[in-house]
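I wanted a short record of a few helices, charges and distances. The entries below are in the order I looked things up.

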Amino acid sequence: MRKMKDSGVAWIGAIPEEWEVLRLKYIFSERDERCEADTELPLLSVSEYYGVANRKDKIKEDETLIRAETLEGYKICHPHDIVSNIMLAWKSALGESQSTGIVSPSYCVYQQISDTCTRYFHYLLRTDIYANVFKQYSTGIIDSRLRLYSDKFLSLFVQVPSVDEQRRIADYLDTKCAEIDHSMELVRQGIDKLKEYKKSVITEAVTKGLDPDVPMKDSGVPWIGEMPETWKIIRLKYVCTLNPRINVDDINPETELSFFPMESIKNGYVVNTQKKFFSEYCSSYNIFNNGDILLAKVTPCFENGNIAIASNLEKCIGFGTSEIFIIRANNIDNKFLFYWLRNELFKLRAISTMSGTGGLKRISSQFMRDENILVPPRSEQHRISAYLDAKCAEIDTLIAQKQALLDKLAEYKKSLIFECVTGKRKVVA
């Protein structure tokens, strides 16, 4: 059993007997080295998720690396410097830089002033303990205005093992965290494959039916191709009502109803709805009933699958932003229509016709009314809906199991780092 002692600092607690407690100002000092406008140094980003990295490596394939008009005055950091996004330090947005680069002039850069292993402090300062301490010592009234300035940061106490032990801990965590990250990536890939499989199952069922041997015919629509010969092509406006009117004259203004922010609609489900009094309803909202289909019309919400069927509404009525289409099935099975609106062919068609300004694009009401939909006989609509209900539930269960495993791995990684950097787990050579 490792011998421990009281550190004398509340948030640090007990530490190994041979460890010290020092203020950060005895380990690091602020670096304020600025670059010229024509610098070729890479632009680095600082994130709560990964620490410090080359920004171009962290943008998605369809995103563009946007640079400021001039990089003059940006701060230069060097390998083994600690870089802190002072606005998000309380969310662990700081870490060790592995390379020379430049960061926002509003960030803080700290360099070693004593023999130390910065990688150890990278792990230590990104733990939940220090996230809470950073929040406590940040300046600001609300979370979005918090700033952890260098004088406060450098005044904080930290637990300090010998340099040799710092290196052992950092090397051990580098290896173990890489193993855990690899396992987590495999699980994420499995989740992504299941999500893609679910999309293909929905698209296949609502465009080709459930019988692979059914006679087919040419639909006459290039993007649809062949379709079962008993199915029809009908425009959406003939099978549903878009944004139907509801008589609200008899609703008491003090009636509490369900309010749907766009982000509460998640890929077939509704989560975290709010409660609002009907007196808060206004012309900028859409109102709907139980059973109505809610579909986001704005990117990226539409692209992320923000669609659901309204259910369990207070007084059978709900309302939400006007950026949601309300779709009420008339001459079609409600669930079949719901799954049709989730199929990838419809989704790609809708995305290709989106327009708008200011970075946001929207699906037009005209597109929704005039878009073609494949309609099987009513009995077949019911069979397809029932099949997709069962199949999607099965896939969702598998996804939930993998997500639970992912969460356990993330928690294990967090606890492993905590135990090592606080000395509760001894790392030997």
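What follows are my notes on a predicted model.

Entry one: helix α4. I checked whether the length of α4 fits its residue count. The helix runs over residues 163–208, which is 46 residues. At 1.5 Å a residue it should span 68 Å, and I found its end C-alpha atoms 66 Å apart, so the two values agree. I then looked just past the helix: Gly209 follows α4, and its phi is positive, near 85°.

Entry two: a residue within α4. I picked Arg188, which is found in this helix. Its relative accessible area is 35%, so I put Arg188 down as partly exposed. I also took its C-alpha to C-alpha distance to Asn272: the two are 24 Å apart in space and 84 residues apart in sequence.

Entry three: helix α1. Is this helix enclosed or open? I found seven of the eight residues in 118–125 buried, so α1 is largely enclosed by the rest of the structure. The buried ones are Thr118, Tyr120, Phe121, His122, Tyr123, Leu124 and Leu125.

Entry four: surface charge. Which residues gather in a patch of negative charge? I listed Glu36, Asp38, Glu40 and Glu72, on the surface. I followed up Glu72, which sits in the loop between β6 (51–54) and β7 (75–77). With exposed meaning over 50% relative accessible area, Glu72 counts as exposed because its value is 51%.

Terms used
Residues are numbered from 1 along each chain as its sequence is written. This is a predicted model: local features need pLDDT of at least 70, side-chain atom pairs count only at pLDDT 80 or more; totals for chains, interfaces and linings use all residues. Side-chain values use heavy atoms; hydrogens and water are left out. Helices (H or I, at least four residues) and strands (E, at least two) are DSSP runs, numbered from the N terminus. The expected span of a helix is 1.5 Å times one less than its number of residues. Patches are made of residues with over 30% relative accessible area and no salt bridge: like charges are joined within 9 Å, nonpolar side chains (Val, Leu, Ile, Met, Phe, Trp, Tyr) within 5 Å. Accessible areas come from the Shrake-Rupley method with a 1.4 Å probe; for residues, only the protein chains shown count as cover. A salt bridge is a side-chain nitrogen of Lys or Arg within 4 Å of a carboxyl oxygen of Asp or Glu. Lys and Arg count as positive and Asp and Glu as negative; His and the chain ends are not counted. The place of a charge is taken as NZ of Lys, CZ of Arg, CG of Asp or CD of Glu. Buried means under 20% relative accessible area, exposed over 50%, partly exposed in between (1.4 Å probe, protein chains only).
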